[in-house]
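Welcome! Here are a few exercises to work through with the structure on your screen. Try each one yourself before reading its solution.

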Amino acid sequence: MRAIIFDVDDTLYDQVIPFQKAYDELFKGCYEISVEELYKRSRHFSDEVFEATQRGEMSMEKMYIYRVQKAFESLEILVSDEEALKFQDLYATNQKKLELSKTMIRIMNLCQENQIRLGIITNGPSNHQWNKVEALRVMEYIPREFVFVSGDIGVAKPHLDLFNYVKEKMDLIPQETLLVGDTFESDIVGANMAGWQTVWLNRRQREMPEGEVVPNFCVRHEEELYDVIVKWIEENKE
């Protein structure tokens with residue numbers, strides 16, 4: 001059966017929205033910076049230490065402090081440990097109020113109408129990721145058993161073991177499976193190794209890394225993603 005697997009953060013929803021709300025609540029009027037740029041730098045520093053948190057070498061609290069402080073520091077602003085944790089708390093609170101956009105709902109409905117099997121693979125701590133999944137109400141479209149959180153499984157993207165685990169649980173045919181994700185290294189590279197097709201949802205206009213891995217599709221926003229999925233469904237009709 002044809003299947004589309006989605007990442008969560010910055011894929012099913014625009015992650016800058018809760019990030020901007022957290023910034024406005026804590027720092028609005030304090031600094032003249034681009035919150036979009038601050039977010040991009042925060043993601044960079046988060047990715048830098050993700051493996052260390054997975055191995056238990058860095059606590060989640062220390063990771064939160066690190067990524068917030070380093071992001072601000074790269075813009076020549078110093079924030080305390082307390083401010084960094086307060087920012088993270090506000091950010092997490094706003095992530096519990098997420099909603100799918102109208103375009104994402106159209107995509108979900110399109111997939112259901114065409115009998116596309118849907119799933120999720122997301123990296124992160126179990127409770128934190130499940131809170132976002134439940135806030136987005138995606139289980140109106142995706143069975144709970146097809147939501148895979150790295151914190152539950154003990155292995156994270158881009159490791160091939162995770163993709164093989166999902167393949168087995170969802171009974172996927174790799175060449176008929178499409179992965180939609182925003183992070184090139186974990187989503188696109190990982191799915192490519194598994195033999196899946198890929199869509200890179202590049203909301204932040206990042207440059208494509210050099211190498212042999214090339215996504216099947218590159219899109220910049222959800223409207224383009226909708227058009228690509230329509231095309232993919234047409235090209236992969238049974």
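**Exercise 1.** What span should the 15 residues of α4 have at 1.5 Å a residue, and how far apart are its end C-alpha atoms?

*Solution.* Keep in mind that this is a predicted model.
- Step 1: The expected span is 1.5 Å times one less than the number of residues, so the 15 residues of α4 should cover 21 Å.
- Step 2: The end C-alpha atoms of α4 lie 21 Å apart, in agreement with that value.

**Exercise 2.** Find which residues of α4 are buried, and name elements that cover them.

*Solution.*
- Step 1: Taking buried as under 20% relative accessible area, you should find A84, F87, Q88, L90, Y91, A92, N94 and Q95.
- Step 2: The cover over these buried residues of α4 includes α1 (16–27), α2, α3 and α6 (126–136).

**Exercise 3.** Work out how α3 and α4 are oriented to each other.

*Solution.*
- Step 1: The axes of α3 (residues 60–73) and α4 (residues 81–95) come within 9 Å and cross at roughly 100°.
- Step 2: Angles of 65 to 115 degrees count as roughly perpendicular, and α3 and α4 are therefore roughly perpendicular to each other.
- Step 3: On the α3 side, the contact is made by E61, Y64, I65, R67, V68 and Q69; in α4 they meet D81, A84, L85, F87, Q88 and Y91.
- Step 4: Sorted by type, the residues of this contact are seven nonpolar, two polar and three charged.

**Exercise 4.** Decide how the buried residues of α10 (residues 222–235) are arranged around its axis.

*Solution.*
- Step 1: List the buried residues of α10: E222, L225, Y226, V228, I229, W232 and I233.
- Step 2: Looking down the axis of α10, you find them within an arc of 165°, so they line one face of the helix.
- Step 3: Exposed residues D227 and E235 sit on the face of α10 turned away from the buried side.
- Step 4: Among the elements covering the buried residues of α10 are β1 (3–6), α5 (102–113) and β4 (177–181).

**Exercise 5.** Compare D10 and Q115: is each one buried or exposed?

*Solution.*
- Step 1: Most residues other than glycine have a negative phi.
- Step 2: D10, in the loop between β1 and α1, has a positive phi near 65°.
- Step 3: Q115, in the loop between α5 and β2 (117–122), also has a positive phi, about 55°.
- Step 4: D10 has 0% relative accessibility, so D10 counts as buried, whereas Q115, at 63%, counts as exposed.

Key: Residues are numbered from 1 along each chain as its sequence is written. This is a predicted model: local features need pLDDT of at least 70, side-chain atom pairs count only at pLDDT 80 or more; totals for chains, interfaces and linings use all residues. Side-chain values use heavy atoms; hydrogens and water are left out. Axes are lines fitted to C-alpha atoms, for helices over the stretch in contact, and angles run from 0 to 180 degrees between N-to-C directions. Helices (H or I, at least four residues) and strands (E, at least two) are DSSP runs, numbered from the N terminus. Angles under 35 degrees count as roughly parallel, over 145 as roughly antiparallel, 65 to 115 as roughly perpendicular and the rest as oblique. Contact means heavy atoms within 4.5 Å. Ala, Val, Leu, Ile, Met, Phe, Trp, Tyr, Cys and Pro count as nonpolar, Asp, Glu, Lys and Arg as charged, and the others, Gly among them, as polar. Buried means under 20% relative accessible area, exposed over 50%, partly exposed in between (1.4 Å probe, protein chains only). The arc is that of the directions from the helix axis to the C-beta atoms.
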